[in-house]
Amino acid sequence: MKKAILALADGTVFEGRALGFAGETVGELVFNTSMTGYQEILTDPSYKGQIVTMTCPHIGNYGVNTTDVESRRIWAEGFVVKESSRKPSNWRAELGLSEYLMEAHVVGIEGLDTRALTRHLRDRGCQQAVISHVDLDPKRAVDKARTAPGIVGRDLAATVTCIEPYEWTEGSGAWPPDAAVSGAQSQPGRVGQRPYRVVVYDFGVKQNMLRRLVDVGCSVTVVPASTDAETVKTMHPDGVMFSNGPGDPEAVPYAAEALRQLIGWRPLLCICLGHQILGLALGLKTYKLTFGHHAGNHPVMDLRTRKVEITSQNHNFAVQLPAPFDPATPQATLDTKFGRVAVSHVSLNDGSIEGLACLDHPVLSLQYHPEASPGPHDSAYLFRQFAHMMETHHA
Amino acid sequence: MPKRTDIKSILLIGSGPIVIGQACEFDYSGTQACKALKEEGYRVVLINSNPATIMTDPELADRTYVEPITLDVVEQVIERERPDALLPTMGGQTALNTAIGLAKRGTLAKYGVQLIGASAEAIHKAEDREAFRQAMWKIGLNTPESAVARTLLDAERALDRIGFPAIVRPSFTLGGTGGNIAYNIEEFRRCVEWGLQASPVGEILIEQSVIGWKEFELEVMRDLKDNVVIVCPIENLDPMGVHTGDSITVAPAMTLTDKEYQLLRDAALRIIREIGVDTGGSNIQFGLHPETGEMVIIEMNPRVSRSSALASKATGFPIAKIAAKLAVGYTLDEITNDITRVTKAAFEPTIDYVVVKIPRFTFEKFPGADPTLTTQMKSVGEAMAIGRTFKEALQKAVRSMEIDRYGLVSLLGLDRGVPAGANGEELAAKVRDRLKIPHPDRLWHLADAMRLGLPTEELYQRTKIDPWFLEQIREIVRFEDRLRGEALTADLLREAKQLGFADERIGQLNGMDGKTLRERRTNPSVEAEAVRATYKRVDTCAAEFEAKTPYLYSTYERECEAAPTGRQKVMILGGGPNRIGQGIEFDYCCVHAAFALREEGIETIMVNCNPETVSTDYDTSDRLYFEPLTQEDVLNIIRVEQPLGVVVQFGGQTPLKLALPLEKAGVTILGTSPDAIDRAEDRERFRDLLEKLQLRQPASGIARSVEEAARVAAAITYPVMVRPSYVLGGRAMRIVYDEAGLMGYMTSAVTASPNHPVLIDKYLEDAIEVDVDALSDGRHVAVAGIMEHIEEAGVHSGDSACSLPPYTLGQSIVEEIRRQTTALAMELGVIGLMNAQFAVRDGKVFVLEVNPRGSRTVPFVSKAIGVPLAKLAMKVMMGKTLQELGFTATRPLDYVAVKEAVFPFMKFAGVDVLLGPEMRSTGEVMGVDGDFGWAFAKAQAGAGVALPQGGTVFLSVKDQDKRAAVDVARHLQRLHFRIEATSGTAAYLRDQGVDVQTVNKVNEGRPHIVDHIKNGEISLVINTVGSEASHADSASIRREALQKGLPYYTTMRGALAAALGIDASRRKALTIRSLQEYHARREC
């Protein structure tokens, strides 16, 4: 078994076995606590610039297939697991995890104490790290981790966005594909009669967001991150979505600028990075969380209904309110130059803001991932809400 | 939402005695519920007939009724206590059925009692197969093709649509009683008839077989605000076709993509909403076609279950406790996660380890029972293990079972490789044959198949076990080669330990002894080469938040999170998986030990591997190690924790057999010394002890060959009791009446050899057996309870009913027993509990055995006399005197407590129900009343036996019993029973002036007695048999009585007690009283 090392910028080094492509990689090391969905995670463009550690000890059990992807390729810079399955088993499996990583030139490591690593990251915070199969010298590896650029201030969206606009037409479809009765799926059904035209700003959009939009009756056009608002307006959409994406929202000031011009013009759906961009556009600040939220089990309370949704999460930055947010008086609103803003959703784990409501404009803005994939479908209804906003909004 | 203030008092129904399919998981859930509701300030009223439960400790509820769980009794409880609400979801199927029964007969409406947790409609929708199927159809979910039938004709009609193989299940039962698979019309008819009988409502469900589909379970929680979370997805290694209680199960689910898992999750949410379970936990089972992913819903339990106990232990999410809080109005977001103390219960646990549960079977106790695993549950217990990988958890679970297998040992002798000269083809054929049916040893058969080179694809086709699991098992098997062939370097050992290999197993493979290996591994000459266990925490969140509760499991990784404290601490060793002979009673004692130490301000460390128990609740002790109870695993923990001492007295044989090795390893054993334990267990030493005390013992001898056995038995004189020396719990123990019987036993049941001698004791016929529990501090002995067995000596004490105080023994005999018990305890130097068994015949007292440890009867005696014996024992072991504890003698009771055993015979077709020296009961109940007859009748009712109030009694007894039969017959005649008897018994009775009808024996032509029973003409069966040859003739009578649910007695003393019970219930109406009331009366 070939050895590999994982070296953290703070000097911590783990030894393990080589996994995937033989090489060396660097990125911000984060952990994800989802028990399923490693393929979706690997192909989520929001992981650009990051090495992902899975806390679930067995990864690769069900292999990979061509349908469970969130984009056209793997974006994670590296992959850290306790144990990758040598032989996958699932009727949809087409390839094993290791081969998949190999083909995508992704460097991984396995056979280390991922729980110790997770506890370390939890206590000390996420940091740059190096996985190497080729240079096992711990000191050099730590140095490389130290000198690597972090994700703060880097426009990673620009590296994952599409080059040209394109149309998206695929919905979630029947599931499972071969089942006689497909009643088991929880898909948001179509809303209204006409198709809503939605323009999606691609900062690294997950395909399931697009599928969910199609499911509720949208015709979707995806545009590059740098598209200006005027161009979008000429496309005559019924609504605009600001997608998820990797990295620091402050590094994409052009996106906040575009959003400012579109707010109030048409209903907006902002998810994850899109939500942070909304925050910046409203004049709020964003900050980096110690170790981020990367999970499929986080409870989020909708402060309007006081109901809890179990959500899929993947972000390192969050929106900050000028004064500490007090969940006891969630009705409190904030005056911005785009009118009143209230916190609509809050994390029950750490109290951080999970959704913002613009009380004077049609905006739906969520820090977490209502499209799930991977993760629970509790929040899929929000796509319907967005469709309703487009149905009732009169430009 | 805050908690409800419109209800003040809540009735909880327990699950009654431990039976297959309903074990101590319901004590765990009920105890959590009691505590949670009390904590919220509600008045809790509890009924449970099982005295061995923690929940029936009088401190846990405001009113505790140890009374039979029947509609009449519960109605009386309601009438006396006037609860505002009834929480029916904590006591298994028993509680659910009782609640539905009370709703149907109008009791709940009459007294204004509200069902909380689950409404009657929701329970009906989930439990009634047809209603459930329709509900699923409505929300677009499939269930297996099915039909409900109430007659054989209906069933055969439905078969046209369903086809073979078909599954036949009776409605409204637990543990899949009567659920069977039929492959042809003949089997089908048999299954239908059986199922119709087994169902309390005479209804069966016939289902399309989804045998071989992948099986999953989801534990779902819902609150009044409709927040729903999944606590844990569990995957069954054994695919559909094997009852989930008999399956090896794994958490989290291992072979599902996110898309597939979310499909199950979405379905689960819709199901709990459609069924309408308002609050609390439910368990939903799914089948998934392995090649298409097609999903079917198998069933839903609208209550906490064995699986929810498992899921709670597997994740650290206390389902029952939270369900209780949800039932009184809280929502998930208002409840704090105990483990992190900063997050909320509104989340889904995520785990960074693997949990494996393996069922434990006891087919060896039921000769003739078919060990094929089917949809009817047959296991009696389970062990759970936690590891960082499936392989580690699996191997830990295997050694947790205590079946003398420290890993996937070869059953074909292939541990050192395929032996030279062995015919590989022949062996492969053998193993293929064994893999045809699901069997308790399937895991081991698979490992052997792999050793013989059978490919995964073939093994999958034969077993339908997912190839992922098969490959994991193969990785374990493959690693054996390295352990056999390579030098045991630190690196290799570390890898082996990470794969879960036990030291003993590595030793087996490598030809080294486990102890030497352990020594070298943990204390090598070079410190860097030490391979030592580290401990990780179960934290509900995969380390995302800090775990405040020390709930630990071992692994062999870099970081150890044990963080032991510097406090004074004591380690309690639990009892491991439930089995016949060692069950909830021992867990009860361990839990009490923990409570006692907490009261004394000493830190408690619990070690156990049984997920059903209260002892493995992280709340019970300060620190919980969920670990196998082997020497290796226990020493590993001691190394980290360094406790003051270890308690081995309470967990039954499991910890007791570790006492000597632990002491040798330098560990302090608290209480009675291991030497004293040995002195009581070693036959020779024990004989010396009795001689010294001048106490009488039945004549006995040891035989190391067949010839010697014959000589010894002849010298002792028949009948004799024979047993192998190396087994426990009465295994393979038999009474033989003559040399022919002895020879039969010696040649078929045991192999006597110099290393495995056979023990032979004089069997005292018609002796009365007495059980005594006592407590000693070394200076003073307090005899806590003297119990007279109902059944005569020769019936295993665990299978015998008993009465506290004695109901026929004279005062002088009782005093003599007290004196002998005291002398034995003093001589042995007992510090803590001691149990002694005596036989009384012709006014003489014989000592049968002495166990210087907590016994099966400790909880029964504690509940009966109102003194927490195990707790006091623990305090005595910590140096308190009985004087200080205020317990030096028991005052006489002015009521009678009767314990009765409960048997699993219904689950094992073809097994004879006769009682004998081998224990076969799974649980017990207690009946308390001012009158012996009533106490006995209550105990019978608690055990599910309703004594008849009239009708015809059938009597057929062996010659020695004929005299006693006259008493019983006269008694019953006075109570206006008709008497029917077989010719010999009838003649004798008639001679004595009893009016009796003669009925044919089965071989005497028709109509015979079995016809009468089948036709419902008999209401009580009394049948005793002598020599083994006569057993077969009458077995069909007893079996038929069992099937018909008729009360039957196979001993004369049992029959007489039944007559007294019937008599009492004729004289006086049923009255009930709570334990608190009984105990208060004693105090004033």
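Guide: Two residues are in contact if their C-beta atoms, placed from the backbone, lie within 7 Å. Keep that cut-off in mind. The model here is predicted.

Visitor: Then let me use it inside chain A. How many residues of domain 1 are in contact with domain 2?

Guide: In chain A, 23 residues of domain 1 are in contact with 23 residues of domain 2. Among the elements of chain A, strand E3 (24–32), helix H1 (38–42) and H3 each supply at least two residues of the domain 1 side. E3(A) gives the most to that side, with three residues. By class, the domain 1 side holds nine nonpolar, nine polar and five charged residues.

Visitor: Where do the two domains of chain A begin and end?

Guide: The assignment puts domain 1 of chain A at 3–147 and domain 2 at 157–394. Their centres, taken over C-alpha atoms, are 27 Å apart.

Visitor: Now between chains. How many residues of chain A are in contact with chain B?

Guide: The count is 53 residues of chain A against 52 residues of chain B. Helix H3 (114–124), strand E15 (285–302) and strand E16 (307–320) of chain A each supply at least two residues of the chain A side. That side has 21 nonpolar, 18 polar and 14 charged residues. Note H3 of chain A: it also supplies at least two residues to the domain 1 side that touches domain 2.

Visitor: On to sheets. How do strands of a sheet pair?

Guide: Strands pair through backbone hydrogen bonds, either parallel or antiparallel. Chain B offers a case of each. Take the antiparallel one: an open sheet of seven strands, in the order E31-E30-E27-E28-E29-E32-E33.

Visitor: Which strands of chain B stand at the edges of that sheet?

Guide: Strand E31 (844–851) and strand E33 (923–929) of chain B each have a single partner strand, so one side of each is left without a neighbour in the sheet. From one strand to the next, the twist averages 25 degrees.

Visitor: How many bridges join E27 to E28 of chain B?

Guide: Eight bridges join strand E27 (residues 768–776) to strand E28 (residues 781–792) of chain B. As one register point, B:Asp773 stands opposite B:Gly785 in E28(B).

Visitor: What packs on this sheet of chain B?

Guide: Helix H28 (residues 811–828) of chain B does, touching E27, E28, strand E30 (832–841) and E31 of chain B. The direction of H28(B) makes about 125 degrees with that of E28(B).

Visitor: And the parallel case?

Guide: Five strands of chain B form an open sheet in the order E3-E2-E1-E4-E5, with parallel pairing. Strand E3 (63–65) and strand E5 (114–115) of chain B are its edges, each pairing on one side only. Strand E1 (residues 9–13) and strand E4 (residues 85–87) of chain B pair over three bridges. There, B:Leu12 stands opposite B:Leu87 in E4(B).

Visitor: Last, helix crossings. At what angle do H32 and H37 of chain B cross?

Guide: The axes of helix H32 (residues 932–942) and helix H37 (residues 1052–1067) of chain B cross at roughly 105 degrees and come within 7 Å. Angles of 65 to 115 degrees count as roughly perpendicular, so H32(B) is roughly perpendicular to H37(B). The contact includes B:Phe932, B:Trp934 and B:Phe936 of H32(B), with B:Ala1057 and B:Leu1060 among the residues of H37(B). By class, this contact of H32(B) with H37(B) has seven nonpolar, four polar and one charged residues.

Methods: Residues are numbered from 1 along each chain as its sequence is written. Chains are lettered from A and ligands numbered from 1 in the order in which they are written. This is a predicted model: local features need pLDDT of at least 70, side-chain atom pairs count only at pLDDT 80 or more; totals for chains, interfaces and linings use all residues. Helices (H or I, at least four residues) and strands (E, at least two) are DSSP runs, numbered from the N terminus. Ala, Val, Leu, Ile, Met, Phe, Trp, Tyr, Cys and Pro count as nonpolar, Asp, Glu, Lys and Arg as charged, and the others, Gly among them, as polar. Domain bounds come from an automatic or database domain assignment. Two strands pair if DSSP finds at least two bridges between them. Axes are lines fitted to C-alpha atoms, for helices over the stretch in contact, and angles run from 0 to 180 degrees between N-to-C directions. Angles under 35 degrees count as roughly parallel, over 145 as roughly antiparallel, 65 to 115 as roughly perpendicular and the rest as oblique.
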